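Colleague: Could you take me through the aromatic rings in this model? I'd love a close look at how they sit together.

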Amino acid sequence: MQYMTEFDFIRQYLQKQKSSGLILGIGDDAAIIRPSHGFDLCFSADMLLKDRHFFSDTAPEDLAWKMLAVNISDMAAMGAAPKWVLLSAGLPELDENWLKRFCDSFFSLAQRFGITLIGGDTTKGDLVFNVTIIGELPQGQALRRDAAKDGDDIWVSGQIGSAAAALNCRLNTHTLPPDLFDRCHDRLLRPEPRVGLGQALLPIAHAAQDISDGLAQDLGHILTASSVGAEISANALPVLEELKNVLPHESWLSCALAGGDDYELVFTAPECRRSEIQTIAGQCGVAVTPIGKINNTGRLKIIDSNGGELKLTSLGFDHFG
């Protein structure tokens, strides 16, 4: 095992990026960025703790990918282009092999989305990370939670429930065939941020949110912020057919509605924009599925396969629940 000092780590792995808009990067007391004229800045932060947000045996490549991807997903939900990121980490030791694998994955994903690391902090600790991400979007055009309108269609990108199915399998709540577990586990470890779709939706969608804590809970945030209600169909949820075939109905439905860790987008848009949404989703290479409608009831109603109302015992993940 090879060791290095904190400042060796910063110089060797972190202090090497440049980007447009970055006036001063890593190496001073603070970074300086200059936003583009006519654009708003978006900020978001996430903390990840060992044994709370990831298993202790998670490979450094997967850990780095997920912690950056979930923050990029926040930018996607706003319709923003991710630009800069700050990373703070508590590490039990500076193991050079582990750090190289972590940083190679982190910077590979960052480069793919045009993101520059501009600062952060390191300290000795038991694997805890905090990521702050900054993005840009055209002034006044953000996709916000508080803009859903009565009559809007409700859409979901990609497929949901797979990450939760893998997590439940690791927690021994249920079992999956090995090949299906591998596919679902990949979705848990390496979610795909829908940045292109979020940006393409700016002139079309009304409200959006990424699905991190469960569809029911995250859609509920939109309903609360917009002072509206919704009705969605359980049968319409985009869930892997293989999951439906191997898990009891209640299990896969719970994964889809309350499981979380999908990092897909749930968004609302006028009914008259359906064909445009399908077109731009195809151009972005992302499937989108209409699952229901916004209404003025002030509550979320989920219709089951028999046409009755489905009652959930949990809407989604709660850190203090």
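Colleague: To begin with one residue, does F102 count as buried or exposed?

Modeller: Happy to help! F102 counts as buried, because its relative accessibility is 3% (buried means under 20% relative accessible area and exposed over 50%, with partly exposed in between, using a 1.4 Å probe and protein chains only). Before going on, please note that this is a predicted model, where local features need pLDDT of at least 70, side-chain atom pairs count only at pLDDT 80 or more, and totals for chains, interfaces and linings use all residues. Residues are numbered from 1 along each chain as its sequence is written, and side-chain values use heavy atoms, leaving out hydrogens and water.

The structure holds six aromatic pairs (rings of Phe, Tyr and Trp, the last by its six-membered ring, pair if their centres lie within 6.5 Å; planes under 30 degrees apart count as stacked, over 60 as edge-to-face and the rest as tilted). F102 and F106 are stacked, because their ring centres are 6.2 Å apart and their planes meet at 15°. These two sit four residues apart in helix 3 (residues 96-112), so about one helical turn separates them (helices are DSSP runs of H or I, at least four residues, and strands are runs of E, at least two, numbered from the N terminus). F106 is buried too, with a relative accessible area of 1%. Ring pairs join F102 and F106 with F54, W98, F107 and F129 in a cluster.

Another stacked pair is W155 with F267, at 6.2 Å centre to centre and 0° between the planes. W155 belongs to strand 7 (residues 153-157) and F267 to strand 10 (residues 265-269), so this pair ties together parts 112 residues apart in sequence. W155 counts as buried at 1% relative accessibility, and F267 is buried with a relative accessible area of 1%.
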